[in-house]
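Here is a short tour for someone meeting this structure for the first time. Take a look at it, then read on.

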Amino acid sequence: MAGQTSASNQTSIGAYLKNNIREYGLLVALVVIMVFFQIITQGVLFRPVNITNLILQNSFIVIMALGMLLIIVAGHIDLSVGSIVAFTGGLSAIMLVKWGIHYSIVVPICLVLGGIVGAAQGYWVAYQKIPSFIVTLAGMLVFRGLTYLVLQNRPIGPFPKDFQSLSTGFVPDLLYFVNPAPETIANFFSLVVVLVLVALAVYFGLKNRAINEKHGTENEPFVFFVLQMAVTAIVAIFLGYQLATYKGFPNVLVVMALLIALYTFLTNRSTIGRRIYAMGGNEKAAKLSGINTERLTFYTFVNMGVLASLAGMIIAARLNSATPKAGVGFELDVIAACFIGGASASGGVGKITGAVIGAFIMGVMNNGMSIVGLGIDYQQLVKGLVLLAAVFFDVYNKNKG
Amino acid sequence: MRKMDKIILEMRGITKTFPGVKALNNVNIKVREGEIHALVGENGAGKSTLMKVLSGVYPAGTYEGDIVYDGEVRRFSTIADSEHLGIIIIHQELALVPLLSIAENIFLGNEIASGGVIDWRETFSRTRELLAKVGLKEAPATLITDIGVGKQQLVEIAKALSKKVRLLILDEPTASLNETDSDALLRLLMEFRAQGMTSIIISHKLNEIKKVADNITILRDGGTVETLDCHKEDISEDRIIKGMVGRDMEDRYPSREPKVGETLLEVKNWNVFHQHHRDRQFLHDVNFTVRAGEVVGIAGLMGAGRTETAMSIFGRSWGHKITGEVTMRGKPVDVSTIPKAIDAGLAYVTEDRKHLGLVLINNIKENTTLANLEGVSRSGVIDDRKETKVATDYRSLLRIRSHSIYQETVNLSGGNQQKVVLSKWLFTNPEVLILDEPTRGIDVGAKFEIYSIINQLAAEGKGILMISSEMPELLGTCDRIYVMNEGRIVAELSKAEASQETIMRAIMRSGEKH
């Protein structure tokens, strides 16, 4: 029977492309959309200041999409994140502005509070088996109401400068003394970091291939590896350079990048991640395999609460005021990002990279359409159609394969 | 006898292949108008598949061969096509909506309406007529959930009558019915025959078949064995079994020299209440032991409480108000949650591998390690190479046929899926494995392999508790057999004592007592 084992490690290029069409398709779609808006905005999209804005405007959607992806993979949904954003933003404003507490205390407190909010919802979903759609719909109303209550219907601001700079600040140029071209490159450090990261990515990519080959694990075709590395490197260096000519890396970019790395690791390599996928794929089988599905569900909601709280503070700091209306409709952007990124509404399927790219597709479209001067009416319409098209693409592929 | 010369249905050379399994291989069957034609065969012989081909569940083009119905070759592409010609199939799992009324169910998809508005008066009066025909005394507005399985079966038949049925196919109609309900159903079929209706009945209950059938077609391993005419000769049950089994028992079960050791699992005074009907006691004082190197069987009819016994022991995954004691090697163990049961050395291989056993959208590797991720990880981080090695090893050990360990389990054949579930539990290194219908729905070759694995495990000193509805399987593999009925263990038979008759007698005798 051993004759039927996989004989070759060399998958044909066509077969590989077919199996991974979703991931490449998504990247290609992002690039196409970017190029399209670059042309149609006559080059405004890729201007250093606009790229910086794009990151600042979308960081919180990306951060929340990380938590939402886990929730969706687990087979649930969270409609309350927009309200949690406003609620924790409001709480942070009260502590910082009204009570004058230092941000180094307020930030962790708010993250814990976000976790408690998530736990309060996760409890009903996980242990009382109430559908998450209903629990978080209730949460959406409850926490929006609480926000109005604690803020007493008034915005609170402005924030202390140091807190603001967490969200709107930039990583200082630690290498200013060796900057070869200070007149064009404003932040040499960020450029060096990008180059180092690209070099590391290539190095580890090659190393991993070598190890895989030794152990007989399947590798993607070399052409794809080179192509993928080349495109990623060029895009990264280009964006890094653009940022370097403006003010360098925004602080939130660093936070976001670290979180993306953490959650990618969590979903790919950790037992928790594996269990969430198994639970979303077949909850009963996961439970009968000894997985505590209730606790796991509970913690995915706690995690979502923490991330929503972080996003809430970033938004409050960015707007320099906590308002009762903050974050209205964000849940839809976040959920849309996950589904555009290939997550399955029935659970068990979805990738962090997909959700991140999905969030940026939404972000670039928002940004590009605003630059062109398209009204909010058309923006919503286009975004809705893109979401539908992306999911249709998934379903179509699945039925065909 | 009535004249039954006209052939209403002929299926010629039907061959149907699934990935990895040839479910039907050149099957031929002829059904005469106005007869009751029985279709028998072991589990996995292809009976249900054949009926799905006939009714259009598997559309024309997905199988080879011809269906000739009413003198013409038919190519059904949906169930609606076959229903349109009066071919109605009633599946083992009834297709009724529990929270709708009898009347609503009967006319579901076929509502008596004009312009989308339902004529309730007409619906109810027609329902009353149909219910009278099947002898069911219930109000048309009664909800399905409020009547028993036997009556639900009659509703299904009434629904078939409403569609102007000419050929009624019943898949295991009496499997979940008690004797009185079964008799009533069979009498009804005979009445229909007197009125000229044709039926095909799939059943395991040979005594019932003997009672009603005009012709019996026997399937084995996806092929037709023979058709027996009940009017030409007196067909005994043994004669039918011979056709179904076709060869000696020794061939089907690998031999084994049992080396029985100390007692591993012992369950004492196990009492369990029903999961949903919470005031109903379901299991009564169940006691049993499993020793090292021993294969112990649990026989019983559907609903006897075998699966419930296993699941309630395995981390209380079924039932509530569970009392009793579980010991391993003489020491009491806590099996109150599934992780604790696994730690205590138990593994439960479910009867429902698609819904409870596998994460079908995940691959072989991920399913293999699911119950013991700690075994391939360190501080919560999975060691990919270790996991790959574990999955590769089990794949070759259990001969899982797949193109790699990265194949999604949804694409595997039943036998290979079962081997993946077994891999998962073997990797938890259990002392006692509870196997619930381990060979259900898998083909004969794969069954032999599963039996060999069971023997191998027993030889390694593991205790095996095997639940099966196929008595020959239990007789062929087990060293000792417990018989369950109505939530109680009613007999314990040694290999020497056990036979189909002694098992059935134990069930019948206990049924009289309660």
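Of the 401 residues of chain A, 40% count as buried, meaning that 20 or more other C-beta atoms lie within 10 Å of a residue's own; with 12 or fewer a residue is exposed, and in between it is partly exposed, the C-beta atoms being placed from the backbone. Keep in mind that this is a predicted model, where local features need pLDDT of at least 70, side-chain atom pairs count only at pLDDT 80 or more, and totals for chains, interfaces and linings use all residues. Residues are numbered from 1 along each chain as its sequence is written, while chains are lettered from A and ligands numbered from 1 in the order in which they are written.

Chain A has 16 helices and 0 strands; helices here are DSSP runs of H or I with at least four residues, strands are runs of E with at least two, and both are numbered from the N terminus. The radius of gyration of chain A, taken over C-alpha atoms, is 22 Å, and the globule rule (2.2 Å times the number of residues to the power 0.38) gives 21 Å for 401 residues, so chain A is as compact as a globular protein of that length. Along the principal axes, its C-alpha atoms fill a box of roughly 70 × 60 × 40 Å. Two residues are in contact if their C-beta atoms, placed from the backbone, lie within 7 Å. Among contacts in chain A between residues at least 6 apart in sequence, 79% join residues at least 24 apart.

For a single residue, try Ala233(A), which sits in helix H9 (residues 222–245) of chain A. Ala233(A) has 17 C-beta neighbours inside 10 Å, so it counts as partly exposed. Its C-alpha atom is 8.6 Å from that of Leu195(A), although the two are 38 residues apart along the chain.

Now for the domains, whose bounds come from an automatic or database domain assignment.

| Domain | Residues |
|---|---|
| Domain 1 of chain A | 48–169 + 250–332 + 345–357 |
| Domain 2 of chain A | 171–249 |
| Domain 1 of chain B | 7–248 |
| Domain 2 of chain B | 251–345 + 430–513 |
| Domain 3 of chain B | 356–429 |

In chain A, the C-alpha centres of domain 1 and domain 2 are 29 Å apart. Their contact takes 8 residues from domain 1 of chain A and 8 residues from domain 2 of chain A. On the domain 1 side, helix H3 (48–73) and helix H10 (251–269) of chain A each supply at least two residues, and H3(A) gives the largest share, 4 residues. In chain B, the C-alpha centres of domain 1 and domain 2 lie 33 Å apart.

Chain B also has an open sheet of 4 antiparallel strands in the order S14-S13-S16-S17, with strands counted as paired if DSSP finds at least two bridges between them. Strand S14 (281–291) and strand S17 (331–332) of chain B each have a single partner strand, so one side of each is left without a neighbour in the sheet. Strand S13 (residues 263–273) of chain B is joined to S14(B) by 7 bridges, and Leu265(B) stands opposite Val290(B) in S14(B).

What do the chains give to their contact? Chain B brings 30 residues and chain A brings 25 residues. Helix H14 (384–397) of chain B is one of the elements that supply at least two residues of the chain B side.
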